[in-house]
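Please open the model in your viewer and keep the selection tool at hand. The stops below follow one another as a tour, each with something to select and a short account of what is there.

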Amino acid sequence: MKKVVLMGNPNVGKSVFFSRLTGANVITSNYPGTTVDFSKGRLCRGKDGHEIIDAPGTYSLEPSNRAEEVAFELLEGADLVINVADATNLERNLYLTLQILERKKPVILALNMWDEAGHVGISINRERLETELGIPVVPTIALSGEGFHELMQRIGDACPSETIRPMNEEERWIRIGEIVKNVQQITHRHHTLRDWLSEASIRPLTGFPIAIGVMLAAFWCVSIIGESLIDYVFDPLFAMYTPVAMSLSAWLGPGFLHDLLIGTLIDGQIDYVQSMGLLTTGIYVPFAMVLPYIVAFYTVLAVFEDSGYLPRLATLTDTIFHRFGMHGFGIIPVFLSLGCNVTGILATRNLETKKQRFIAAALLAISVPCMAKNAMVFGILGPYGAEYVMLVFATLFLVFIISGLILNRLIKGDSPEICLEIPPYRRPDPATVLKKTLMRIRWFLQEAIPFLFLGVLIINVLYTIGFVEWLGGVFAPVIQGWFGLPAEATTALLVGFLRKDLAVGMLLPLGMSPMQLVIATTLLTIYFPCVGTFSIMFRELGARDMIKATAFMAAMALLVGGTMRLLLLGL
């Protein structure tokens, strides 16, 4: 089976292209020895089968980060390369094309977004381009599938170039200029509404109001979709499951096994938030409280990715993030972390330097609540009024800014400038959005839920042997004296290391005041990430930097918790 690698710059429509070629049979994997994801699927062409690999986007074969190194290594193992280029930006895309051709691999060039090139007044003589490059060239429109029939017919014609020789950087750019001059013509066109919106969304005066509006709309959509799934799908399903669970409770009777599987009955009934059993809270929290918001968030994220808005958001926030030791790309892990901190931490690998990756990971763990935590915060504080919810998020926002400024001064290293292409706005392909969402949900079910089950199991065992009670007694003076919380809250804060959403749920029966709940939920975000995020941070940062990040989190938790106690509760 031939190994076909899709190579191209970021934001050239490669994910939609890949989706068209492979259909639904897609596997997302980590490249060996790294945490860099790439996708692979299968394409059947007649009697021949091809393994299609979607390499991470790269601007050149001289990598500046680990993702681009993986792209280069995947190219080295390719039997055939489909180079996906943006027809609206031929000059910039040809740099990677020439580098690939210099490797003497069989290549076919797909000029994607051919329709957009026509809309902006760009005309490309593809026959002349074939002659210049010495390889087949096929115009494609991945969104509609136009050109893919011809691509499949000509994939067997892919060949090493006989016209491109190895060059240095200066010679390469000279050659690109000659090619573009010979094959491309540009005619004048008037600005459209899309052009105006594209420019307005990256200018600070108009861009920040647009960004605020977009974020509010995004979270409104997430809230509506998530709550609808809970009310009309998951809660009715668990209402049907409750008689089964109650029958199992009666059959088991009191004892260790009952506490492990069913948990504690509240007023003689199962309370899916508080019972803490493996077959009650253990399945209700991930499936009925967390999964609905995960589905909604990843759907919105896929729309943002494919529409071209995220690069604009990165450009808009570049100056701000430089003050925190990063550049505009730092907003991407932040946005991803609002769905799940683990995916946000993984996204930090696209930042170039060790300093940037450390600061980004530490800030995400300290002050960016995931969707599960957001849902719990709204659920606990929402009944008391929106001002309490806003107080938590305002505190976390302030912690993010202060921590970023401190870490930028404390951590040594470089913070290079951003190098980012801003693609035109595009209409997201529903099939691709659905595929991305399903792939990420599958990842959540495979990676996150086992930690939740493990957390519930460990909590019950520790409760049974009395360890949690003993540990709570050790830390109770700090919790009561410094943070102003009841001693019973110690258990919830300790459980937060295993699963923060469970810990927040454990605060409900303690009868705390709204201000105490504000302090407790804020501390749950700051003092430690959940065990899943912790393990990913350890893998990304290494033991030494993980210890540094942990010490910083503990110090910030003590400082913020004590300050909030003084401001909100008094002495």
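Burial is judged by relative accessible area, where buried means under 20%, exposed over 50%, and partly exposed in between (1.4 Å probe, protein chains only). The model is predicted, so that local features need pLDDT of at least 70 and side-chain atom pairs count only at pLDDT 80 or more, while totals for chains, interfaces and linings use all residues. Residues are numbered from 1 along each chain as its sequence is written, and side-chain values use heavy atoms, with hydrogens and water left out.

**Aromatic pairs**

Begin by selecting F17, which counts as buried because its relative accessibility is 0%. Rings of Phe, Tyr and Trp (for Trp, the six-membered ring) are taken as a pair if their centres lie within 6.5 Å, and planes under 30 degrees apart count as stacked, over 60 as edge-to-face and the rest as tilted. The structure holds nine such aromatic pairs. In one of them F17 meets F148 in a tilted arrangement, with 4.7 Å centre to centre and 45° between the planes. F17 belongs to helix 1 (residues 14-22) and F148 to helix 6 (residues 148-154), so this pair ties together parts that are 131 residues apart in sequence. Helices (H or I, at least four residues) and strands (E, at least two) are DSSP runs, numbered from the N terminus. With a relative accessibility of 9%, F148 also counts as buried.

Move next to F321 and F400, whose ring centres are 6.3 Å apart with planes at 70°, so the pair is edge-to-face. This pair, too, links distant parts of the chain, with F321 in helix 13 (residues 318-322) and F400 in helix 18 (residues 386-410), 79 residues apart. Both rings are on buried residues, F321 at 5% relative accessibility and F400 with a relative accessible area of 10%.

For a group of rings, select F238, Y241 and Y284, which ring pairs link into a cluster. Then select R312 and Y425, where the charged end of R312 sits over the ring of Y425, 3.9 Å from its centre; the criterion is that NZ of Lys or CZ of Arg is within 6 Å of the ring centre and within 35 degrees of the ring normal.

**Salt bridges**

A salt bridge is a side-chain nitrogen of Lys or Arg within 4 Å of a carboxyl oxygen of Asp or Glu, and a search of the whole structure finds 14 of them. Select E76 and R103, whose salt bridge has its closest N and O atoms 3.0 Å apart. E76 lies in helix 2 (residues 66-76), and R103 in the loop between helix 3 (90-102) and strand 6 (107-112), so the pair ties together parts that are 27 residues apart in sequence. E76 is partly exposed, with a relative accessible area of 36%, and R103 is likewise partly exposed, at 38%.

Which surroundings, buried or exposed, do R175 and E132 have? Both R175 and E132 are buried, and they form a salt bridge with the closest N and O atoms 3.0 Å apart. R175 is in helix 7 (residues 169-183) and E132 in helix 5 (residues 126-133), 43 residues apart.

Now select R126, E127, E130, E150, R154 and D157 together, since these residues are linked in a network of salt bridges. Within this selection, the side chains of D157 and R154 meet at 3.9 Å, N to O, and D157 counts as partly exposed at 43% relative accessibility.

**A loop contact**

Select T163, in the loop between helix 6 and helix 7, together with G134: the two are 29 residues apart in sequence and 5.6 Å apart in space, C-alpha to C-alpha. T163 counts as partly exposed, at 40% relative accessibility.

**An enclosed helix**

Finish with helix 23 (residues 514-526), whose 13 residues reach 19 Å from first C-alpha to last, close to the 18 Å expected at 1.5 Å a residue; the expected span is 1.5 Å times one less than the number of residues. Twelve of the 13 residues of helix 23 are buried, so this helix is largely enclosed by the rest of the structure. Among the buried residues to select are P514, L517, I519, L523 and I526.
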